[in-house]
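Welcome! Below are some short exercises with worked solutions. Please look through the sequence and the model first, then take the tasks one at a time.

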Amino acid sequence: MTASTEQFLNNPLGKTTTLEDVLDAFEFLDDWEERYAYIIDLGKQLQGFPDDERIEKNYVHGCQSQVWLIHHYDEDSGKLFLLIDSDAMIVRGLAAIILVALNGKAPRDLLATDIDELFEQLDLFRHISPTRGNGLRAMVGKIRDIAATEAA
């Protein structure tokens, strides 16, 4: 079953779960064990991902785990909506952080977002493996490519 427009538009990540929520949680949580648990919990908020969309064109290359990404450009609002899924819990959580920062933005606003600054604020790259970091960059790169295409 292909993703419906409602699945994209009703995604809580970036809407009811905001970037401010994530930053506040990271500030509140004292150690990385608690932060990892929080990241995994964020991943549980990912919308269902249609099995028929788990195809090569939606696959994110460069990730250690299997990751798929699809999008919907809403012409009425001019915003880009994303769905991501992975077979790994921590990667699902990292994808959720990306969605909190980028989902539901106009393509030009998405391209102007300094996601590296967010990762720096959260100190993510010091606490995830280099291969997970490469996967995070691959997800962001694919999203930026989609946004650039929609902005053109």
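**Exercise 1. Place Ser-86 in the fold and describe its surroundings.**

Step 1: Ser-86 sits in strand E2; helices (H or I, at least four residues) and strands (E, at least two) are DSSP runs, numbered from the N terminus.

Step 2: With a relative accessible area of 6%, Ser-86 is buried. Here buried means under 20% relative accessible area, exposed means over 50%, and partly exposed is in between (1.4 Å probe, protein chains only).

Step 3: Leaving aside residues up to four places away in sequence, Ser-86 touches Ser-65, Gln-66, Val-67, Val-91 and Arg-92. A contact means heavy atoms within 4.5 Å.

Step 4: Ser-4 is 82 residues from Ser-86 along the chain, and their C-alpha atoms are separated by 19 Å.

A note before going on: this is a predicted model, in which local features need pLDDT of at least 70 and side-chain atom pairs count only at pLDDT 80 or more, while totals for chains, interfaces and linings use all residues. Residues are numbered from 1 along each chain as its sequence is written, and side-chain values use heavy atoms, with hydrogens and water left out.

**Exercise 2. Sketch the whole protein: its elements, its dimensions and its surface.**

Step 1: Count the elements, and you get 7 helices and 2 strands. Reading from the N terminus, they run α-α-α-β-β-α-α-α-α.

Step 2: The radius of gyration is 14 Å, close to the 15 Å that the globule rule gives for 152 residues, so the protein is as compact as a globular protein of that length. This radius is taken over C-alpha atoms, and the globule rule is 2.2 Å times the number of residues to the power 0.38.

Step 3: Along the principal axes, the C-alpha atoms fill a box of roughly 40 × 25 × 25 Å.

Step 4: Of the 152 residues, 49% are buried. Among contacts with a separation of 6 or more, 65% come from residues 24 or more positions apart.

Step 5: The protein exposes about 7,800 Å², and carbon and sulfur atoms supply 48% of that area. Such areas come from the Shrake-Rupley method with a 1.4 Å probe; for residues, only the protein chains shown count as cover.

**Exercise 3. Which residues are joined with Asp-85 into one network of salt bridges?**

Step 1: Begin with the idea that side chains of opposite charge can pair when their charged atoms come close. A salt bridge is a side-chain nitrogen of Lys or Arg within 4 Å of a carboxyl oxygen of Asp or Glu.

Step 2: Arg-54 and Asp-85 form one such bridge, their closest N and O atoms being 2.7 Å apart. Arg-54 lies in the loop between helix H3 (32–43) and strand E1 (67–74), and Asp-85 in strand E2 (residues 79–86), so the pair ties together parts that are 31 residues apart in sequence.

Step 3: Check how covered these two are. Arg-54 is partly exposed at 29% relative accessibility, while Asp-85 is buried at 7%.

Step 4: Asp-85 also meets Arg-92 in a salt bridge, at 2.1 Å from N to O. Arg-92 is buried, with a relative accessible area of 16%.

Step 5: Through shared partners, salt bridges join Asp-51, Arg-54, Asp-85 and Arg-92 into one network.

**Exercise 4. Is Lys-44 buried or exposed, and what is its salt-bridge partner?**

Step 1: Find Lys-44 in the loop between H3 and E1.

Step 2: At 54% relative accessibility, Lys-44 counts as exposed.

Step 3: The partner is Asp-41, with 3.6 Å from N to O. Asp-41 is partly exposed, at 43% relative accessibility.

Step 4: Lys-44 and Ala-96 are 52 residues apart in sequence, and their C-alpha atoms are 8.5 Å apart in space.

Step 5: Set this pair in the wider picture, where a search of the whole structure finds 5 salt bridges.

**Exercise 5. Where is Asp-123, and what is its phi angle?**

Step 1: Asp-123 belongs to the loop between helix H6 (115–122) and helix H7 (130–151).

Step 2: Phi of Asp-123 is near 60°, a positive value in a residue other than glycine.

Step 3: Asp-123 counts as partly exposed, at 23% relative accessibility.
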